[in-house]
Amino acid sequence: NLFSKLLLCTWQPAQRRPSIDNVGQHVLFVDRSGLTRNFFMWGKFANIAEQLDATMADKLDDKDPQNNLSMTPSSDADYEEDDDGSGWGASDGDDLEFDDDADDQDILGSTSGVDASYDDVEDTAASSVHPQETTQQPQSPPPPPPTFPEMVSVSAPGKALVAGGYLVLESPNPGVVLAADGCRFHTTIMFRQPCNTSTEGGVIGNAINATWESIPLDVYSPQFDKIFCYYLSYSLTRRGGVEDDDDDENVVLRLQPRTASYEPNKFVERTLLLAFGYLRQLMGMELFHSRFRQNGLNSNERVALAIKLRADNDFYSQINHLKSRGLDLTPQNVESLEPFLPCPKDSEGKVIVNKTGMGSSAALVTSIVGALLQFFGASSLPTTMHGQTSPDADGQTKHKEGLRIAHNLAQICHCYAQGKVGSGFDVSSAVFGSHVYTRFSKGVINNFIEDVELQNKTVQDGLSLSETNSSQLFELVIDADRKWDCTVQPINLPDGLELLMADVCGGSESPSMASQILEWKKKNRETGFLSGYYWKDLKRCNKKIASLLSEQYTKKPFCDGLVRDGPMIISSRTAEQWKKPMPSTWYEFDGSSWDVAMQLLDLRMAFLESRQNLKGMGNAAGVPVEPDSQTALADATMKLPGVVAAGVPGAGGYDALFVIYVKGPSTNEGKSDKVRDDIGNLWRDLSNQDNNTVVCPLSVRAAGSGGLCASSLQW
């Protein structure tokens, strides 16, 4: 009876939902329209009902069991929704936080009450329970246990920040970031037999005491020829605590290496710690535990949660692979390489890692977060088919909410892993694809990051998370108070424009370039120009670039003209020739080849002015934002027919170059085009002329809005 009434009280419309007094539990119910409402509540209701029966038996009147339940409606203000703003952080509805103080016996008891899908519960309750009904409802049969996928694969793209370097660190300055198609980090998760680990150095990290459970966790990184082996240990009680250790009485989750001799990986380990902490808080202890029990955790068969990490080739330099095969450094040869090539090793067998600046760490963290959310049934992400995001009209809202949750959690994990709160544009791009971005305030997560860092300063052999930090993490990710104030405006390069990236090997990096630039700005150094000259002009240039890509280049006459006349007319001419009248297949000026070319010149001039100010600012601050060698490479590239702009991405330096160009006639059976081939040939010739600088094209293209998504990649 109490179970039925608890459901009756809970599944009311938000504006008419009754409160529950004398229950002995604190339950926060919010609007049921958001995806992250705790759809795992069904299983928890059984535990709460059992507690109610036990603790309230003496208080209930046998003749009228309803007398002790207060049915007074709560204030509408308790469930008032915030207005949905245009910027990032707004959600379709409030989220549900469920507080569970069940004792050990309830946690370890039967799972018969675990979890029908949220939508099934919602539909049944909404159709059968009137807000003011107090008559007893017939009891339904126990819901079936939740179904989880046996394996999931999720990928996140790399990025190129083509405008907004340095300025994006300060809100509300925009950054224009293009997600990279063909450059994605993939995470696959399933249960497998544990990896055999050496006992050299002693096995550590097993179950802490009888109120804890432990499962082997293996992270496979075949491209780095490594397997990271851990124990994931979690408390089966809400209070947690470690036996004989008063300092750890609030700890509820630990990630520890399985052997004393291991090589730490902060980005993997810290992401796993926080992701599992969020999942445990969201799902509740029993359902979180049952996810492992269903796969042999409490049987004679010992299984491990296995995570396989794979990166597309463009995250790492492929120059050695091409040279070892006797291949020229051209786009076609790069694309011909087999996927997921291992990193080369030196004479001592040590892996050589040469990154290309495509945001591998952010893509890694985001793909792990997305895969864990999917594997535990905690989110719904877009799916892909043949590399393209497939539309799902029925799941649009769920996908949007799933990406929002993944973004917030991945940002927190990435900042914790790198030990500072950055701008977040790389994680944002890994989640949402290409867009115009303004950063979130550091204060949103800074205190939490500091608290977790402080807690783990004295922790040996692994990482731990307290119940307090878990609750804080849950609130930050759910973001019911709309604290995340970053904004995301999706953009796409229009059909007919394309992105090409270069891996540049030469020169030497200057450490802490961003900190040096910001320090120079803080000192407000005079450079012979008006104070703040570079910073103010860069703001104007970046806004111009963002406006062209998000507004002007989306208009139908421009898009139609670019597709129609781009390959044969515009791409065959240099930018200097675009200034003069040219033939067109269109009879009106709007949308003609000359009209399209003139509008492309606007983008070209904005990038040229941005480059000029970045280089000047770097020279004034003593930082090689655009070194002379990169200036020469970009200028030579921009002289080719069809090239709109070239420059150094992100914070600049020696290691990368981006190019935006008009696609020419197709070559190589449609896998490339003439302009792309010409750029690659130029870079090959320049590399042959200068032994100190090697320029290798990457295979990436602009990914548009394709961000974090599930895929069919197998183990």
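This is a tour of one predicted model, stop by stop, with residues to select at each stop.

**The whole chain**

Start with everything shown as a cartoon. The protein has 20 helices and 19 strands. Of its 715 residues, 56% are buried. Now turn to contacts between residues with a separation of 6 or more: 77% of these join residues 24 or more positions apart.

**Strand β6 and its two partners**

Select residues 304-311, which are strand β6. Is this strand enclosed or open? Eight of its eight residues are buried, so β6 is largely enclosed by the rest of the structure. Show the side chains next. A304, A306, K308 and R310 point one way, while L305, I307, L309 and A311 point the other way. The buried set thus takes in K308 and R310 along with the residues on the opposite face.

Add residues 175-192, strand β2. β2 and β6 run antiparallel and are joined by eight bridges. To find one position in this pairing, select R192, which stands opposite A304 of β6.

Then add residues 212-221, strand β3. Here the direction is parallel, and four bridges join β3 to β6. L217 is the residue to pick, since its bridge partner in β6 is L305. In general, strands of a sheet pair through backbone hydrogen bonds, in either a parallel or an antiparallel sense.

**Along β3 and into the loop after it**

Stay on β3 and select I215, which is found in this strand. I215 has 0% relative accessibility and therefore counts as buried. Select Y231 as well and take the C-alpha to C-alpha distance to I215: it is 5.6 Å, for two residues 16 apart along the chain.

Between β3 and β4 (226-235) there is a loop, and D225 is found in it. Which sign does phi have at D225? Phi is positive there, near 55°, and the residue is not a glycine. D225 is exposed, because its relative accessible area is 51% and the cut-off for exposed is over 50%.

**A cis peptide bond before β2**

Go to the loop between β1 (151-163) and β2, where P172 lies. Select S171 together with P172. The peptide bond from S171 to P172 is cis, with omega near 5°. As background for this stop and for D225, most peptide bonds are trans, and most residues other than glycine have a negative phi.

**Two crossing helices**

Select residues 396-418, helix α10, and residues 467-478, helix α13. Their axes come within 8 Å and cross at roughly 130°. α10 and α13 are therefore oblique to each other. The crossing of these two helices is right-handed. Which residues make the contact? From α10, they are R404, I405, N408, L409 and I412; from α13, they are L473, L476, V477 and I478. Coloured by type, the contact residues divide into seven nonpolar, one polar and one charged.

Step on from α13 to D479, which lies in the loop between α13 and β11 (487-490). D479 is not a glycine, yet its phi is positive, about 60°. Is D479 buried or exposed? At 3% relative accessibility, D479 counts as buried.

**The four-stranded open sheet**

For the last stop, display β13, β14, β12 and β17. These four strands form an open sheet in the order β13-β14-β12-β17, with antiparallel pairing. The edge strands are β13 (643-647) and β17 (694-697), each of which pairs on one side only. On average, neighbouring strands of the sheet are turned by 25° against each other, direction ignored.

Narrow the selection to β17 and to β12, residues 497-505. These two strands pair in the antiparallel sense over four bridges. Two positions show how they line up. D503 stands opposite C696 in β17, and C505 stands opposite V694 in β17.

Finish by showing the side chains of β17. V694 and C696 lie on one side, V695 and P697 on the other. Both faces of β17 are covered, with these four residues buried, although the strand sits at an edge of the sheet.

Definitions and conventions:
Residues numbered from 1 in each chain as written. Predicted model: local features only at pLDDT ≥ 70, side-chain atom pairs only at ≥ 80, totals over all residues. Heavy atoms only, no water. Pairing = 2+ DSSP bridges. Axes fitted to C-alpha atoms, helices over the stretch in contact; angles between N-to-C directions. Parallel < 35°, antiparallel > 145°, perpendicular 65-115°, else oblique. Left-handed = near helix turned anticlockwise from the far one by under 90°. Contact = heavy atoms within 4.5 Å. Nonpolar A, V, L, I, M, F, W, Y, C, P; charged D, E, K, R; others polar. Buried < 20%, exposed > 50% of the residue type's maximum accessible area, 1.4 Å probe, protein only.
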